[in-house]
Amino acid sequence: MAEVKWMSVAQVKEQIRDSSAEEVTARYLETIEKSKLNGYVAVSEKAVEQAKEIDSKGHQGPLAGVPIAIKDNISVQGMQNCCGSKILEGYVPPFNAHVIEKLQAAGAVILGKTNMDEFAMGSSTETSHYGPTLNPWDLERVPGGSSGGSAAVVAGGEAPFALGSDTGGSVRCPAAFCGIVGLKPTYGSVSRYGVVAYANSLEQVGPLANNVSDIAALMDVIGGYDSRDSTSIDRKIPYQEALKDDIKGLKIGIPKEFFGEGINPDVEKAVWDSIHRCEDLGASWEEVSMPNIPYALASYYIIAMSEASSNLARFDGTRYGYREKGENWHSMISKTRAEGFGVEAKRRIFLGTYALSAGYHDKYYLKALKVRTLIKQDFDKALSKTDVLMAPTMPNPAFKIGEKIEDPLTLYLSDVNTCPINLAGVPSISVPCGFTDGLPIGLQVIGKPFDEVSILQAAYAFEQNTDHHTKRPPEVA
Amino acid sequence: MITKEDVEHIGWLARIEISEQETTEYMEKLNSVLAYFGQLDELPTEDVPPTYHVAEVFNVFREDVVKESLPQEEVLANTEHKQDGAFKSPKIV
């Protein structure tokens, strides 16, 4: 059979019909075995068995036999779920996340769990207890984060698509750095049941794939209402029906605040070239103003850290995971958390605890929530005049491993263009739009809440009329 | 400004033990991040309501119906610190 690396889902399905799911799965497992990317933290021992079962039952379901990689903060019953952290060493969830239930019902084969920044806190996948994942485009560079493992394995041909989670850009950042497509859905459109929480009010499960069609196919499976997620919204979104190669009349807003002083000139040029390409295809653009965007990063981090300090309180060594010895309850927990959490996780827990504490809650947390309201209003206003917004996904291409990790503020600033979207809860997709020095650049297409159709259509039409998404990383080809 | 005493107190609240050296390191790093956060003070927000999350759902209830839950052995499967069908933890003093 043909090499399965970088096949689209449609092509994989063809191979499954011509050969078998078992054979396709075995090919992916071979590729994974040889990989040097450190994208997977656990490979499923049941993948081949699962594929055989699907072969024997006649390939029922829209994703029958198609392999998928899952970020290691999404519960897959019987497989580790360690969130890149020592504190969850050995934890094996006894239940499936809603999105996993949907994937299994659709016939997908889970290849394994992928590496991530510890508890999804980071933009480089360098904070993982499993060590960094490498960028397939340049093995000395980061894949982005926190879903860097999911992005690297898709870009590296080790899975046709993957699930990540996006709290402040954690799907879009690695999609941009790895030259693939990543979608952050509207808040509430995909269930978070069974996803380990970093910052609940900001995060969503999101797909990563080599093309827009596969993103839509995956969304049709994982999207939808779930009563076990109390922020779940019951609204149908016709993802695959959005795939039309037609953007005549599309109104694009260009928010100037997303093209600030920190944007790399090559990134800016690639994005503007993309906007002009859309113009050639019949779209129009106008500049829009979003005056509160410069305050989004500070607001995002205060809210995310505050929520994280509360969410991560559950990791106390009592019911699962790592446990240190201690003379009493307080000392056991304090030693466990000191040893079990990494540096970045502890830093954020400290900042979040402080921002929520007596005397500081109003100055930091409440203020950040009010700024969040202003940012949401900026998006509502900008998107009332335009169909979509376009901007760089990341201010720069992938940086070198080790380059930013020692200075937290420098690393936080990387999220400047991605975190406003999470504050507003709107959908946003990153598509490859060019290269600089052999490194991919991502274009971000942002839409109204639940209007994934507009951003998918814009991204699809752009993709169909450019060839960036067909390029493959030379390091792993 | 966060002082060393603040850092120690936060560590106690968060139940994370930190060494003397870490206390100093944390104080410096946290203060540089908080200085950045201080820019929010530039924005007037007196009349702005907070947004806790953007989903327009509130007070999501469900009927109080008994459903199947995890078997006890599965609940206890992820730890070796258990006894007589319960989790075991050090005493609180």
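This passage describes the contact between chain A and chain B, then helix α9(A) and the residue Thr393(A).

The model is predicted, with local features requiring pLDDT of at least 70 and side-chain atom pairs pLDDT 80 or more, whereas totals for chains, interfaces and linings use all residues. Side-chain values use heavy atoms, without hydrogens and water.

Chain A and chain B bury about 5,300 Å² between them, 68% of it on carbon and sulfur atoms; buried area is the accessible area (1.4 Å probe) that two parts lose on being put together, summed over both. Tyr295(A), Trp329(A) and Phe350(A) supply 14% of the area that chain A buries against chain B, more than any other three residues. The contact (heavy atoms within 4.5 Å) takes 67 residues from chain A and 51 residues from chain B. Two salt bridges are counted between the chains, a salt bridge being a side-chain nitrogen of Lys or Arg within 4 Å of a carboxyl oxygen of Asp or Glu. Lys363(A) forms a salt bridge with Asp41(B), with the closest N and O atoms 3.2 Å apart. On the side of chain A that touches chain B, the largest share, 13 residues, comes from α12(A).

Of the 16 residues of α9(A), 15 are buried (under 20% relative accessible area, 1.4 Å probe, protein chains only), so the helix is largely enclosed by the rest of the structure.

Thr393(A) lies in the loop between β9 (388-392) and α13 (408-413) of chain A. At 0% relative accessibility, Thr393(A) counts as buried. Residues that Thr393(A) touches include Arg172(A), Asn417(A) and Gln444(A).

Technical notes:
Residues are numbered from 1 along each chain as its sequence is written. Chains are lettered from A and ligands numbered from 1 in the order in which they are written. Buried means under 20% relative accessible area, exposed over 50%, partly exposed in between (1.4 Å probe, protein chains only). Helices (H or I, at least four residues) and strands (E, at least two) are DSSP runs, numbered from the N terminus. Lists of a residue's contacts leave out its neighbours within four places in sequence.
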